Amino acid sequence: MAGTMYTTVDSPLGELLLVGEESATANGGVALASLSLPGQKGAAVVQDGCVRADEAFEEIAGQLRSYFEGTLTRFRIEYADSGTDFQRRVWQAVDAIPYGVTVTYGQIAGQVGSSGAGVRAVGTAIGRNPLLVVRPCHRVIGADGALRGYAGGVDRKERLLGLEGALV
């Protein structure tokens, strides 16, 4: 776990836990490995040997503040590598969803070549996204327009989509 660090950031959704890894190429020197919300299903926990490093996350925290203020529509954050090949393909498709736009699980499944029965696998991969808010899985909705599961809670999904003006 050498090089693993964390901080917490206040937000309208509660205190966010950010966990990252040292990176020579990332702005601020940290690649984001996890962003968790309070009470989140499967939330990250601070592991032994993980060092609190508020200053290393200043760039990311500033981007989050700007997002919640409504002045930032696209994050510029380096992510730490994680997930299976399939999860990474799904997450890449999620990363490409523009601010203020929603897409269905079926549309994501079609983009990654996993339509039909693969929609459930896409939903599972999206549910395992370790980077809530910054990797916008909140922009993925049911085919009927319903706000289906969100690890941080459907109420928070609704708040994020409302912030982005994506709710009609």
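This section describes the sheet, the nonpolar core and the surroundings of Ser 36 in a predicted model.

Four strands make up an open sheet of mixed pairing, arranged in the order β3-β2-β1-β4. Its edges are β3 and β4 (51-52), each of which pairs on one side only. Helix α1 packs on this sheet and touches β1, β2 and β3. The direction of α1 makes about 145° with that of β2.

Strand β1 has two kinds of pairing. With β2 it runs antiparallel, and six bridges join the two strands. With β4 it pairs in the parallel sense, over two bridges. Met 5 takes part in both pairings. In β2, Gly 20 stands opposite Met 5; in β4, the bridge partner of Met 5 is Val 51. Strands β1 and β2 also form a hairpin, with six residues between them. Gly 14, in the turn, has a positive phi of about 110°. Strand β1 is mostly covered, with five of its six residues buried.

The largest nonpolar core comprises 42 residues. Within this core, the residues with the most contacts are Leu 18, Leu 32, Leu 35, Leu 64, Val 90, Ile 108 and Val 133. Two or more core residues come from each of the strands β1 (4-9), β2 (16-22) and β3 (30-36). The helices α1 (58-69), α2 (85-95), α3 (105-111) and α4 (118-127) likewise give two or more each. The largest share, five residues, is that of α1. Leu 64 illustrates the contacts made in this core. Leaving aside residues up to four places away in sequence, Leu 64 touches Leu 16, Leu 18, Leu 35, Phe 75, Val 133 and Val 134.

A polar residue, Ser 36, was examined next. Ser 36 lies in strand β3, an edge strand of the sheet. Its relative accessibility is 3%, so Ser 36 counts as buried, the cut-off being under 20%. The side chain of Ser 36 has polar partners. One is the side chain of Ser 34, with a polar contact at 3.4 Å. In addition, a polar atom of the Ser 36 side chain lies 3.0 Å from the backbone nitrogen of Ala 44. Beyond four places in sequence, Ser 36 touches Glu 15, Leu 16, Leu 17, Ala 43 and Ala 44. Leu 16 thus appears in the contact lists of both Ser 36 and Leu 64.

Key. Residues numbered from 1 in each chain as written. Predicted model: local features only at pLDDT ≥ 70, side-chain atom pairs only at ≥ 80, totals over all residues. Heavy atoms only, no water. Core = buried A, V, L, I, M, F, W, Y, C linked by side-chain atoms within 4.5 Å. Buried < 20%, exposed > 50% of the residue type's maximum accessible area, 1.4 Å probe, protein only. Contact = heavy atoms within 4.5 Å. Polar contact = N/O pair within 3.5 Å; in protein donor to acceptor, adjacent residues only side chain to side chain. Pairing = 2+ DSSP bridges. Axes fitted to C-alpha atoms, helices over the stretch in contact; angles between N-to-C directions.
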